[in-house]
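Notebook open. I wanted to look up some surface charge and some ring contacts, so here are my entries.

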Amino acid sequence: MFAGIEGRNPHELYYLKMQREREQVEKMENNGKRKLKVCVATCNRADYSKLAPIMFGMKANPEIFELEVVVLGSHLIDDYGNTFRMIEQDEFDIGSKLHTIVRGEDEAAMVESVGLALVKLPDVLQRLNPDVLIVHGDRFDALALATAAALMNIRILHLEGGEVSGTIDDSIRHAISKLAHYHACCTRSAERHLIAMCEDHSRILLAGCPSYDKLLDAHHRDDYADIIKAWLGDGVKEQDYIVALQHPVTTDIKNSIKIYELMLDALISFNKRTLVLFPNIDAGSKEMVRVMRKKGIEQHPNFRAVKHVPFEQFIQLVAHAGCMIGNSSCGVREAGAFGTPVINLGTRQTGRETGENVLHVRDADTQNKIYHALDLQFGKRYPCSKIYGDGNAVPRILKFLQSINLDEPLQKTFCFPTVKDCISQDIDHILETQSALAVDLGGTNLRVAIISMKGKIVKKYTKSNPKTYEERIDLILQMCKKALDDAVGLNCRVLGVGVSTGGRVNPQEGVVLHSTKLIQEWSSVDIRTPISNALHLPVWVDNDGNCAALAERKFGHGKGVENFATIITGTGIGGGIVQHNELIHGSTFCAAELGHIMVSLDGPECTCGSRGCIEAYASGIALQREAKRLNDEDLLFTEGMALKKEDPVSAIDLINAARLGNSKADAVLRTAGAALGVGITNILHMVNPSMVILSGVLASFYESPVRQIISQRALTSAKDIQVLTSDLEEPALLGAASMVLDYATRRTY
């Protein structure tokens with residue numbers, strides 16, 4: 001078909017590229033380790049496009065991987081193009097071909113196909129005995145593969161789990177994820193979904209889509225015009241044709257067939273050359289093919305109806321199309337990499353992340369509506385989107401495979417959030433107030449409070465913070481036990497303990513990694529374990545800045561706001577950033593250390609050891625330092641001040657002096673406000689929140705100067721950001737409580 005196209009087969013070129021990338025993959029140490037035996041099972045043309053790049057990568061590293069290939073499903077059906085031949089053309093040895101499809105293309109046939117696959121797979125898997133089975137996606141064939149492998153104690157790596165769409169595929173995809181031992185997902189949202197499904201975070205790889213490795217390289221091929229001509233005929237120009245690919249929706253077959261018929265009618269009326277691909281083998285596909293033939297699509301001069309297009313050629317056709325229409329995942333995934341306009345019909349892809357190139361017609365109930373969408377999208381070009389990958393998925397996945405420890409127990413474990421054991425309900429339980437114990441560890445005081453679901457502080461306890469670790473832990477436990485005893489009489493049911501503390505915290509482990517200088521003997525400290533063991537309650541820990549942001553998100557100005565930053569102004573400067581409704585912790589848990597944003601290269605020394613940090617200018621400690629300096633130089637006292645010599649000088653004295661007209665004190669405060677304002681402006685330019693909330697004892701004083709600096713120095717698009725002073729009296733305690741109340745009631749944190 002492509003006699004006019006010279007040069008090497010694109011598969012060969014890709015194979016050579018993977019050989020060159022071998023140096024980028026970490027080699028196994030030559031210590032007697034055997035090769036990792038990996039079985040790749042492919043069921044259809046779509047999943048092979050995702051699996052092939054990984055297969056080429058393993059083939060290019062024969063000293064590390066032993067590849068076995070199993071082919072089943074619609075690959076082996078003539079009506080769907082006998083697509084197993086393209087695997088053979090790619091020079092992969094197919095170890096087993098399993099005819100597993102029961103024809104009928106209805107719901108019963110899908111169930112019978114799963115059953116037939118489960119009958120045939122055990123012999124093959126027992127013979128191959130792989131270390132790892134790689135399964136892709138959400139097809140019923142893949143569910144059979146995962147079920148068989150799980151029952152035969154074979155480790156499973158699932159590709160593209162955690163995604164969301166609008167059909168039975170969702171249920172199948174999530175079922176495979178629960179059977180799988182390891183996950184390679186495409187997007188950050190998918191990764192979060194897997195974690196929410198209680199999958200072990202350490203076994204989840206955010207890799208990107210493997211097909212992107214191939215399509216981003218193949219996008220700029222010079223022979224695309226020959227490919228367009230081969231599939232669509234002479235005289236068809238780039239961006240002057242349509243690619244149509246519509247599959248049945250198994251949970252709503254009747255409506256999906258109606259949409260397919262309306263789509264074909266709209267395409268006929270639109271009068272552009274169109275490449276129509278046959279639907280997949282799901283229930284309802286036979287009826288869709290009947291509709292296509294009833295309308296004479298295969299004989300229509302404007303249409304080319306095909307069962308299969310090789311992936312690397314299909315990429316070119318999509319990349320250079322004037323528009324793609326249908327409900328294929330290719331429209332919301334691969335097409336975005338080229339900026340190709342897409343019309344997504346119906347609900348099959350509901351929930352998937354899409355670029356701006358996708359126009360949704362979810363209620364595609366009239367031909368006119370679809371025609372209008374074609375009129376809007378055809379011939380447009382959008383910015384390229386890489387939501388699903390950056391072209392480096394395969395090296396990541398190969399490295400991930402090498403990291404699998406075959407000596408680890410095979411039994412899969414799930415990471416359930418800790419919740420209190422269920423208790424029998426009686427009238428007292430029903431009338432109880434769901435509450436949290438909140439602990440706030442400050443530089444001076446240690447506070448514990450009982451806080452209700454609505455943020456009411458039912459009772460609060462305050463003691464001086466001890467100087468040693470042992471005394472501090474003992475006092476925390478004493479105060480918490482006292483609060484628990486009192487909670488019974490106050491009719492409060494305590495769901496757990498939330499701890500707010502200064503320093504850098506690993507909230508996943510409940511460990512203080514590095515403390516502030518104000519709290520001694522408080523670095524590399526596990527807070528969660530002793531409290532949880534003593535009180536028999538779940539415990540959550542985070543630093544005070546993050547807790548202030550959590551308090552605002554649940555009880556304050558940040559409630560219902562998707563993106564905001566909280567800056568806490570007190571003895572030090574801290575804060576937290578909420579982005580897309582989630583608190584940002586960072587890779588080493590030091591995100592939002594806002595007090596240590598540098599605003600000067602040669603400014604005053606900060607407690608962190610650096611110079612010119614916001615905290616060195618605007619914190620309570622910094623203001624107290626300047627107040628003492630002025631007092632030592634006899635420049636602080638101003639008429640109207642009641643300052644006794646024996647009283648320690650504080651930041652409040654500096655503020656009072658400025659209010660009474662002391663120009664030196666006023667200059668210090670202007671500099672502090674400017675430093676904080678510049679730091680916040682930097683935050684606006686980095687994460688672009690819609691709101692900044694100032695919290696802490698100095699918040700009301702800094703609100704006006706911060707707004708002034710933003711108006712002077714921020715970019716135009718960031719100048720109108722809201723700057724508010726927090727209304728919360730106890731942000732650290734309320735934030736600590738919110739961790740408990742959100743987690744224990746199964747909300748997200």
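I started with Asp474, which I found in helix α17 (residues 469-489); helices here are DSSP runs of H or I, at least four residues, numbered from the N terminus. This is a predicted model, where local features need pLDDT of at least 70 and side-chain atom pairs pLDDT 80 or more, while totals for chains, interfaces and linings use all residues. Residues are numbered from 1 along each chain as its sequence is written, and side-chain values use heavy atoms, without hydrogens and water.

Is Asp474 buried or exposed? Neither: I noted it as partly exposed, because its relative accessibility is 43% (buried is under 20%, exposed over 50%, partly exposed in between, with a 1.4 Å probe and protein chains only). Asp474 also joins Glu470, Glu471 and Glu521 in a negative surface patch (residues with over 30% relative accessible area and no salt bridge, like charges joined within 9 Å; a salt bridge puts a Lys or Arg side-chain nitrogen within 4 Å of an Asp or Glu carboxyl oxygen).

Next, rings. I got seven aromatic pairs (centres within 6.5 Å; planes under 30 degrees apart are stacked, over 60 edge-to-face, the rest tilted). Phe270 and Tyr371 sit edge-to-face, 5.4 Å centre to centre with 70° between the planes. They are 101 residues apart, Phe270 in helix α10 (residues 253-270) and Tyr371 in helix α14 (residues 367-377). Phe270 is buried at 12%, and Tyr371 is partly exposed at 31%.

Phe270 pairs edge-to-face with Phe378 too, at 5.6 Å and 70°. Phe378 is buried at 17%. I logged Phe270, Tyr371 and Phe378 as one aromatic cluster.

How values were computed:
Patches are made of residues with over 30% relative accessible area and no salt bridge: like charges are joined within 9 Å, nonpolar side chains (Val, Leu, Ile, Met, Phe, Trp, Tyr) within 5 Å. Accessible areas come from the Shrake-Rupley method with a 1.4 Å probe; for residues, only the protein chains shown count as cover. Lys and Arg count as positive and Asp and Glu as negative; His and the chain ends are not counted. The place of a charge is taken as NZ of Lys, CZ of Arg, CG of Asp or CD of Glu. Helices (H or I, at least four residues) and strands (E, at least two) are DSSP runs, numbered from the N terminus. Rings of Phe, Tyr and Trp (its six-membered ring) pair if their centres lie within 6.5 Å; planes under 30 degrees apart count as stacked, over 60 as edge-to-face and the rest as tilted.
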